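Me: Kindly guide me through this structure in a series of questions and answers. I should like each reply to give its reasoning before its result.

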Amino acid sequence: MEKNNSSSANGKTGTGKNSNASSDQQGDMQWWQLSLVGVGCTIGTGYFLGSTIGIITTGPSIVFSFVLAALGTYIVYNLLAKMTAADPQKGSFCYYANKAFGRWAGFSCGWNYWSSNILIMGSQLTALSLLSQFWFPKVPLWLIAAGFALVSIVVVLLGTKGFDRVENLLAVIKTAAIVMFIIIAICAVVGWFGLDGGKPPSFPNTYHELFPKGWIGFWTSLIYAFYAFGGIEVIGLMAMHLKKKEDAKKAGTIMLLVLTIIYVVSLGLAVTMVSLDAFSEKESPFVTALDSYHLTFFPHVFNGAIIIAGFSTMTASLFGVTNLLVTLADDGNAPPFFMKKMKKFKDLPLPSLVLAAIGLLGSIITALLLPGKIYEYITTSAGILLLYNWAFIILSSFKILEHKIWSKITGGFGITLILLTICGTLLEKEIRPGFFVSLLFIVIISLATIYMKSKVWNKNKAMTARANKSELD
């Protein structure tokens, strides 16, 4: 969910005047490169840490949650890829929402995406702080978060073009961390490493072992599984750079297949190796799984790899959100003030960066006030906002594409799964506030949409009509 928006750093999510025409530029990206970028955009601290909450919520059945989330993600991306192949646009899902339902939909999608990414940055920032407490347990969470945020802003001010160049390397680092755990965990399961007491690992094979929190716990855990796949919409944005636009579907399918395999295998091993009560929301489940083995190096190496990759992703996300707001302003969907660029800061849109930094500040303040639950709240609300956009993608496809019966059935199943996942957040009081935070964002965006429609768009339409009439006269 982290999303993991280094690839969206180009800010290519226009929904208005600049996105009405298809790009005639021929891209030079191969499908496998897009798959690799997608892996880098998707794997983040939300999976490395957020999956812990999912495990605590539902137990070993978290594996099934991820399988369902993978299926739902594939449905969404498959429809997005079809729309991209039929009508490639730099605005991607925002453009298609605009095309299907009108400007209000494109405006809402753009601001919803910006809001979700602000929350995702807050989620990443909190995750990095929690992971850092592994080494500095006595340092307050908000203080570590402030340090990461400050360094991230400084890096953006110095220029972040290097992130695009190393995105593939970051994808390899994050994937390698999971593969390293899988290899070590398999060695531990077969008995190559000594176990400090307790019974040997065994796969849960009864209903009570698989679903210790029942169906309610399983239902509630879906949001964390979907959150781990958040970032798939970025592949839709990046598909414009493909040499062959029709390869978008292949790139996303291969990426999802790779992610699903490593997610399911790694989580399956984690829940097999230790009991449910051993997991803590402040520690990666993969570190917890190997706590009982004589591997003193692993927690430090694994934790460091997650922090390095997570920080890079968060900083690139900050740059992406900054430029996204510029695109919204350029399309007339945000105040023109945010298009201003400062030459002293390498033509960086400083007003847009300041607004994003205020969002980070909000995360720091929340960490100060709610140090114990901030990660669950932010992660839940960010995940829900992303799912709102995913629902828009499916609904837009219903109006834009000529669906066959099977496509309609799978699309309907995708919408149902998304709605069930969102509703599931209301069942657990620990994460319920995250639902209401997302609802607050939706209300604000809706009010802004109503204002823009009544005070700006209708006025502009009337002025255009009068001008056209004057020309005819």
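Helices and their packing

Me: In which helix is Val287 found?
Reply: This is a predicted model, in which local features need pLDDT of at least 70 and side-chain atom pairs count only at pLDDT 80 or more, while totals for chains, interfaces and linings use all residues. Residues are numbered from 1 along each chain as its sequence is written, and side-chain values use heavy atoms, with hydrogens and water left out. Helices here are DSSP runs (H or I, at least four residues; strands are E, at least two), numbered from the N terminus. Val287 belongs to the run covering residues 285-289, helix α13.

Me: Does Val287 count as buried or exposed?
Reply: The classes depend on relative accessible area: under 20% is buried, over 50% exposed, and in between partly exposed (1.4 Å probe, protein chains only). Val287 touches Phe134, Phe298, Pro299 and Phe302, leaving aside residues up to four places away in sequence (contact means heavy atoms within 4.5 Å). Since its relative accessibility is 2%, Val287 counts as buried.

Me: What distance separates the C-alpha atoms of Val287 and Phe302?
Reply: Phe302 is one of the residues that Val287 touches. The two are 15 residues apart along the chain, and their C-alpha atoms are separated by 7.5 Å.

Me: How many helices does the chain contain?
Reply: Of its 473 residues, 57% count as buried. Residues 24 or more positions apart account for 84% of the contacts with a separation of 6 or more. The chain has 0 strands, and its helices number 18.

Me: Which residues of α5 are buried?
Reply: Helix α5 spans residues 92-101, and 8 of these 10 are buried, so the helix is largely enclosed by the rest of the structure. Just after α5, Gly102 takes a positive phi of about 110°. The buried residues of α5 are Ser92, Phe93, Cys94, Tyr95, Tyr96, Ala97, Asn98 and Ala100.

Me: How is α5 oriented relative to α6?
Reply: The two helices pack at an angle of about 155°, with their axes 6 Å apart; axes are lines fitted to C-alpha atoms over the stretch in contact, and angles run from 0 to 180 degrees between N-to-C directions. Angles under 35 degrees count as roughly parallel, over 145 as roughly antiparallel, 65 to 115 as roughly perpendicular and the rest as oblique. The orientation of α5 to α6 is therefore roughly antiparallel.

Me: What is the handedness of the crossing of α5 and α6?
Reply: Phe93, Cys94, Ala97, Asn98 and Phe101 of α5 meet Arg103, Trp104, Ala105, Gly106, Cys109, Gly110 and Tyr113 of α6. A crossing is left-handed if the near helix is turned anticlockwise from the far one by less than a right angle, and right-handed if clockwise. The passage of α5 across α6 is right-handed.

Me: Which residue has its backbone nitrogen 3.1 Å from a polar atom of the side chain of Gln124?
Reply: Gln124 lies in α6, which covers residues 103-132. It has 0% relative accessibility and therefore counts as buried. The backbone nitrogen 3.1 Å from a polar atom of its side chain is that of Met314.

Me: Which residues does Thr126 touch, not counting those up to four places away in sequence?
Reply: Thr126 also has its place in α6. With 3% relative accessibility, Thr126 counts as buried. Beyond its sequence neighbours, it touches Leu141, Ile374, Tyr375 and Ile378.

Me: How are α10 and α16 oriented to each other?
Reply: Helix α10 (residues 214-229) and helix α16 (residues 374-400) have axes that come within 9 Å and cross at roughly 70°. The crossing is left-handed. Their contact includes Tyr224 and Tyr227 of α10, and Leu387 and Trp390 of α16. At that angle, α10 and α16 are therefore roughly perpendicular.

Me: How do the residues of the contact of α4 with α17 divide into nonpolar, polar and charged?
Reply: Helix α4 (residues 62-86) packs against helix α17 (residues 405-424) at about 130°, with axes 9 Å apart, which makes α4 oblique to α17. Among the contact residues are Leu68, Gly72 and Lys82 of α4, and Ser407, Phe413 and Ile418 of α17. Ala, Val, Leu, Ile, Met, Phe, Trp, Tyr, Cys and Pro count as nonpolar, Asp, Glu, Lys and Arg as charged, and the others, Gly among them, as polar. The division is 8 nonpolar, 5 polar and 1 charged.

Methods: A polar contact is a pair of N or O atoms within 3.5 Å; within protein, one must be able to donate a hydrogen and the other to accept it, and residues adjacent in sequence count only if both atoms are side-chain atoms.
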